[in-house]
Amino acid sequence: MARGQTVGTRRNYSLRTLKVLFALSGGCCAFPGCRMLLVDRRHDVNDPVNLTNIAHIRGAADDGPRADPTLSVTARNAYPNLMLLCPTHHKLVDDHPDRYPVEVLVAYKARLEKWVHDRLTAAMVRVTSAELDVVCRHLVQGRPMPSSALRAVPAEEKLRRNDLGDPSRLRLTIGMAQSPLVADYLQRMAAHVDHRFPGNLRRAFVSEYERLWDEGLRGDSLFVALSEFAGGEAGDLPRQAAGLAVLAHLFGLCDVFEEAA
């Protein structure tokens, strides 16, 4: 270690960690009463407004706010020790660590994730065929669709084999609430529009799954990435809900996530 370097100052977040962190937080500031959307693509998807600060609950450095010298560098940069804050509130909590100790920030993070979960659940109830049509047509028309011969396995075994934890299980539970609506929509599309539509939709998901697998994503981060593929990122909750409903339906049919050993 170089002289003057402080243990734990290196910030190195894996893509897997960031995917889960942003998904569970909805891309919002965790400070109570703020909820600012930190990466806003609604106005210009090619040049998003990014105000994200990734904050450490226990300090990134041994001499930082809320420092815990016993925590390894890896643990400091892992999901349980990270939260999203806007620049204003990141500075506030780090400038006043006595006012905002570890237990307070842990509670802020948990409160935000519950808020995101509750909003997604409420949005799922309002999903209609109109939202499904927007999501599914975009997926079918906008992605390459190579053939694939994945074999189906039982859903519970698939959860285990793909190392899907509570974040994915909770979202699958939310999405499955609209599985009958998705099934009805796909049946109508096949009967009245294009009999190939359900198969093309499945292959679009499989193609993206294989691409993400090749990039090294696994487990919850892979599920989150597929959710983003289906419904977009934070900022369009109705579309997110519709995309999650489609993903959950295909998961229930064992049409995605079969490859894990």
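This passage looks at the surroundings of one histidine and then at some of the salt bridges in the structure. The model is a predicted one.

Let's start with His56, which sits in strand E3, a stretch covering residues 53-56. With a relative accessible area of 5%, His56 is buried, because anything under 20% falls into that class. Its side chain still finds polar partners. One of them is Asn77, whose side chain joins that of His56 through a polar contact of 2.9 Å. Another is the backbone oxygen of Arg76, which the side chain of His56 reaches at 3.4 Å. Once neighbours within four places in sequence are left aside, the residues in contact with His56 are Arg11, Tyr13, Arg66, Arg76, Asn77, Asn81 and Leu82.

Arg66, one of those contacts of His56, leads on to the salt bridges. Side chains of opposite charge can pair when their charged atoms come close. In this model, the count comes to ten salt bridges. Arg66 takes part in one of them with Asp94, and the closest N and O atoms of this pair are 2.6 Å apart. Asp94 belongs to helix H3 (residues 87-95), while Arg66 is found in the loop between E3 and helix H2 (73-76), so the pair ties together parts that are 28 residues apart in sequence. The two partners also differ in how they are classed: Arg66 counts as buried, at 10% relative accessibility, whereas Asp94 counts as partly exposed, at 26%.

Further along the chain, Arg211 and Glu208 form a salt bridge, with 2.7 Å between the closest N and O atoms. Here both residues are in helix H9 (residues 197-214), and because they are three residues apart, about one helical turn separates them. Again, one partner is buried and the other is partly exposed: Glu208 has just 5% relative accessibility and counts as buried, while Arg211 has a relative accessible area of 38% and is partly exposed. The pair does not stand alone, either, since Glu208, Arg211 and Glu215 are linked in a network of salt bridges.

One more example is the salt bridge between Asp194 and Arg196, where the closest N and O atoms are 3.1 Å apart. Arg196 counts as partly exposed, at 49% relative accessibility; that value does not make Arg196 exposed, because the exposed class takes in values over 50%.

Technical notes:
Residues are numbered from 1 along each chain as its sequence is written. This is a predicted model: local features need pLDDT of at least 70, side-chain atom pairs count only at pLDDT 80 or more; totals for chains, interfaces and linings use all residues. Side-chain values use heavy atoms; hydrogens and water are left out. Helices (H or I, at least four residues) and strands (E, at least two) are DSSP runs, numbered from the N terminus. Buried means under 20% relative accessible area, exposed over 50%, partly exposed in between (1.4 Å probe, protein chains only). A polar contact is a pair of N or O atoms within 3.5 Å; within protein, one must be able to donate a hydrogen and the other to accept it, and residues adjacent in sequence count only if both atoms are side-chain atoms. Contact means heavy atoms within 4.5 Å. A salt bridge is a side-chain nitrogen of Lys or Arg within 4 Å of a carboxyl oxygen of Asp or Glu.
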